[in-house]
Amino acid sequence: MFLFLLIAMVVVVASVTLAVVGGGDREVLPETAPELLVDPLPTTRPVGRADIEALRLPVALRGYRMADVDEVLARVGAELAERDARIAELESTLAGAQAAAVGGPDLFKNPGEEDPR
């Protein structure tokens, strides 16, 4: 009985090894072309939320393709920096306009005091 199990195990291991390695000149698994970024981020307009949600990065052998991920992250980072600068500029302009509206020529006048003009 032991000899039968040993022979069966050798046959199974040999057949699995041949199936994985492949016999002869024919390839078992053909080489596949690497996936490329099919729908990159738009270059003619700013990136929006829908663009990020629709983005699908191609998968490589060990995860995502680093070049594509780096390109997308650089683009999104640059657009975020540009938006942050624009927001800071607009907030500064708004604060200046509010200060001019609140602090006119009567900035140091006491409440209830009449205008001396």
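Helix 1 is hardly covered in this predicted model: among its 20 residues, the count of buried ones is zero. From first C-alpha to last, helix 1 reaches 28 Å, close to the 28 Å expected at 1.5 Å a residue. It takes in residues 2-21, and M9 is one of the residues found there. With a relative accessibility of 52%, M9 counts as exposed, because the cut-off for that label is over 50%.

M9 also belongs to a nonpolar patch on the surface. Its partners there are F2, L3, L6, I7, V10, V11 and V13, and together with M9 they make a patch of about 820 Å².

**The chain as a whole**

Stepping back, the protein chain has three helices and two strands. If you read along the sequence, you meet them in the pattern α-α-β-β-α. How much of the chain counts as buried? Of its 117 residues, 9% do. The chain exposes about 10400 Å², and carbon and sulfur atoms supply 65% of that area. As for contacts, take those with a separation of 6 or more: residues 24 or more positions apart account for 40% of them.

**Helix 3 and its buried residues**

Helix 3 runs over residues 66-102, which gives it 37 residues. Its span from first C-alpha to last is 53 Å, close to the 54 Å expected at 1.5 Å a residue. Which residues of helix 3 are buried? They are D68, V72 and E79.

E79 deserves a closer look. This glutamate is found in helix 3, and its relative accessible area is 13%, so it falls under the 20% cut-off and counts as buried. What does E79 touch, leaving aside its neighbours within four places in sequence? The answer is R45, P46 and V47. With V47 there is also a polar pairing to look at: the backbone nitrogen of V47 lies 2.8 Å from a polar atom of the E79 side chain.

**Salt bridges**

The count of salt bridges comes to six. Three of them are set out here, with the N to O distance for each.

| Salt bridge | N to O distance |
|---|---|
| R49 and E53 | 2.8 Å |
| E79 and R83 | 3.9 Å |
| R86 and E89 | 3.2 Å |

Start with R49 and E53, which sit in helix 2 (residues 49-54). The two are four residues apart in that helix, so about one helical turn separates them. Are these partners exposed or partly exposed? R49 counts as exposed, at 68% relative accessibility, whereas E53 counts as partly exposed, at 46%.

The pair E79 and R83 brings us back to helix 3, where the two are four residues apart and therefore separated by about one helical turn. Their surroundings differ in label: E79 is buried, with a relative accessible area of 13%, while R83 is partly exposed, with 39%. So E79 has contacts with R45, P46 and V47 as well as a salt bridge with R83.

R86 and E89 are also in helix 3. They are three residues apart, and that again means a separation of about one helical turn. R86 counts as partly exposed at 43% relative accessibility, and E89 counts as partly exposed at 46%. Salt bridges that share partners also join R75, E79 and R83 into one network.

**Putting it together**

When you turn the model around on your screen, two places are handy to find. One is helix 1, with zero buried residues among its 20 and with M9, a member of the nonpolar patch of about 820 Å². The other is E79 in helix 3, a buried residue whose side chain has a polar atom 2.8 Å from the backbone nitrogen of V47 and which is part of the network with R75 and R83.

Definitions and conventions
Residues are numbered from 1 along each chain as its sequence is written. This is a predicted model: local features need pLDDT of at least 70, side-chain atom pairs count only at pLDDT 80 or more; totals for chains, interfaces and linings use all residues. Side-chain values use heavy atoms; hydrogens and water are left out. The expected span of a helix is 1.5 Å times one less than its number of residues. Buried means under 20% relative accessible area, exposed over 50%, partly exposed in between (1.4 Å probe, protein chains only). Patches are made of residues with over 30% relative accessible area and no salt bridge: like charges are joined within 9 Å, nonpolar side chains (Val, Leu, Ile, Met, Phe, Trp, Tyr) within 5 Å. Accessible areas come from the Shrake-Rupley method with a 1.4 Å probe; for residues, only the protein chains shown count as cover. A salt bridge is a side-chain nitrogen of Lys or Arg within 4 Å of a carboxyl oxygen of Asp or Glu. Contact means heavy atoms within 4.5 Å. A polar contact is a pair of N or O atoms within 3.5 Å; within protein, one must be able to donate a hydrogen and the other to accept it, and residues adjacent in sequence count only if both atoms are side-chain atoms.
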